[in-house]
Amino acid sequence: MLSDAYDLFWQYQDTYLAGVRNALTAAGLGLVLALMVGLLVGMVRFTSRGRLGKAMAVYVSLVRNTPLLVQVYFIYFGLPALGLTLSAFWTGVLALTFNSGAYISEMVRGGLNAIPKGQTEAALALGLNQRLLLAKVLLPQAAPTVLPAVTGQFVQLIKDTSLLYTIAVLEITKAADDVGNETYQFLPAYLVSCVLYIGICVVLNLLVDLYESRAGFSKHKRA
Amino acid sequence: MSEILSTASDAFRLIVTGLPIVLLLTFVSFFPALGIGILGGLLASSRVRALRFLVGIYVYIFRSTPFLMFIFLVYYGLPEFGIDIGPVATAIIALSLSHGAYMTEIIRGGLGSLDKGQNEAAIALGFSLFQRLRDITLPQTLMAIIPSLLGQAILIVKDTSLVSVVGISEITRLGREVVIRTNEPFVVFSLLALTYFAVCFVLETAARKLEVKARLVISGH
């Protein structure tokens, strides 16, 4: 069975590697865009007690309490109904951004909330405005707690790309399905994709460890 | 407008038929997953290094592979071994094994945070290993981690949306069929999202309420 999987991988490596490439691209784009969304939403929720903050809270709650598949379908079927046509790949990236953005915003908000209030008070007393307060005082101090969580979210994003299978994007799960349909060897085909996911995860975890040991966040830590 | 209303009533009917499947799958998968989690958590806290290593591999595999791929693996894998059990049992096995890995981590953490004195006192009083687990350590651990377990139940509810790929007609699949027929994605998927939201919200509220209670129990009140 394992040797079947090994043979299948070499025989259909183009399909699998295209799947890996698409999955990594979608997850990477999703992470960058979700970081922007997450930072924005997190900061809004941290600073605003008004209507905007409430709207963002509803967004986060909706994303966290509904399946990603429903969100993917919502965007996949909803955008064309609004007259907007995106390719399946970009639909997927949009769904991943929408989803991960909410989770990252919670990490950002948590990181900002964990900073002692004295920092804000001191910055305001020194005459810093809201923008400078966030950019120069709060966000740099939140980064050491938020960034490790965000790298964890990237692993989650890789796993979430499997949902793009449902809208026919060639990613790792779809690659296994295609190979299975062609050869009728479904189990070995999926075993290959399983190993691919684990391999990506191992590499990512190694990179995260390396990055965390090199980043030298300890110098930012308050006594 | 009347079209939207008829679509809405269509979707509503589907949710009434589909929601019990979601709740049933969640309920039926939760307890095997908890059982796996307790076993895995105990093995992961054991003194035998080989056992800890094996449990570690199990958890690592499930944390790094997506559930959607895993359910296909079970679906195509079991028949290879001559086991033919149908899609519902396949879904339950896949959900249990996958969430059992996450619950292993939760229970390992719970056991680790339990005061060592509890176990030491029980040993001093002459309790056997089984008695210690049944009467002392497991009840306290489980009480403390109920909120995390309910959080995991929310993840199970969300993962049930994926079992349609092996041919189970749960609400996400039924909703998709209505959308393809009626071309009213917003009405149908909003109702669908609200249904999941309602189920998860109930679980989340329960988790928050129980968290307060669990904290009281742990602090000995």
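Q: Let's start with a pocket: into which classes do the residues of the lining of the second largest pocket divide, nonpolar, polar or charged, and how many are in each?
A: Happy to begin there, and keep in mind that this is a predicted model. The general idea comes first: rolling a probe the size of a water molecule over the atoms shows where empty space is left. In this case, the lining of the second largest pocket holds eight nonpolar, five polar and six charged residues.

Q: What volume does the second largest pocket have, and which residues lie nearest its centre?
A: Its volume is about 770 Å³. Of the 19 residues that line the pocket, Ser45(B), Ser46(B), Asn119(B), Leu129(B) and Arg132(B) lie nearest the centre.

Q: Which helices of chain B each supply at least two residues of that lining?
A: Helices H1 (2–44), H4, H5 (116–124) and H6 (129–159) each do so.

Q: How do I place those helices in the whole chain: how many helices and strands does chain B have?
A: Chain B has eight helices and zero strands, and its pattern along the sequence reads α-α-α-α-α-α-α-α. Along the principal axes, its C-alpha atoms fill a box of roughly 75 × 50 × 25 Å. Of the 221 residues in chain B, 45% are buried.

Q: Now the surface: which residues make the nonpolar surface patch of about 510 Å²?
A: Met1(A) joins Phe81(B), Ile83(B), Ile85(B), Ile93(B) and Leu97(B) in making this patch.

Q: Where is Ile93(B) found, and why does Ile93(B) count as partly exposed?
A: Ile93(B) is in helix H4 of chain B, which covers residues 86–113. Ile93(B) counts as partly exposed because its relative accessibility is 33%, and partly exposed is the class between under 20% (buried) and over 50% (exposed).

Key: Residues are numbered from 1 along each chain as its sequence is written. Chains are lettered from A and ligands numbered from 1 in the order in which they are written. This is a predicted model: local features need pLDDT of at least 70, side-chain atom pairs count only at pLDDT 80 or more; totals for chains, interfaces and linings use all residues. Side-chain values use heavy atoms; hydrogens and water are left out. Patches are made of residues with over 30% relative accessible area and no salt bridge: like charges are joined within 9 Å, nonpolar side chains (Val, Leu, Ile, Met, Phe, Trp, Tyr) within 5 Å. Accessible areas come from the Shrake-Rupley method with a 1.4 Å probe; for residues, only the protein chains shown count as cover. A salt bridge is a side-chain nitrogen of Lys or Arg within 4 Å of a carboxyl oxygen of Asp or Glu. Helices (H or I, at least four residues) and strands (E, at least two) are DSSP runs, numbered from the N terminus. Buried means under 20% relative accessible area, exposed over 50%, partly exposed in between (1.4 Å probe, protein chains only). On a 1 Å grid over the protein atoms alone, a cavity is a set of points where a 1.4 Å probe fits but cannot get out, and a pocket is an open set with protein on both sides within 12 Å along at least five of seven lines; lining residues have an atom within 4 Å of a point. Grid points are joined across faces, edges and corners, and a volume is the space filled by probe spheres set on the points. Ala, Val, Leu, Ile, Met, Phe, Trp, Tyr, Cys and Pro count as nonpolar, Asp, Glu, Lys and Arg as charged, and the others, Gly among them, as polar.
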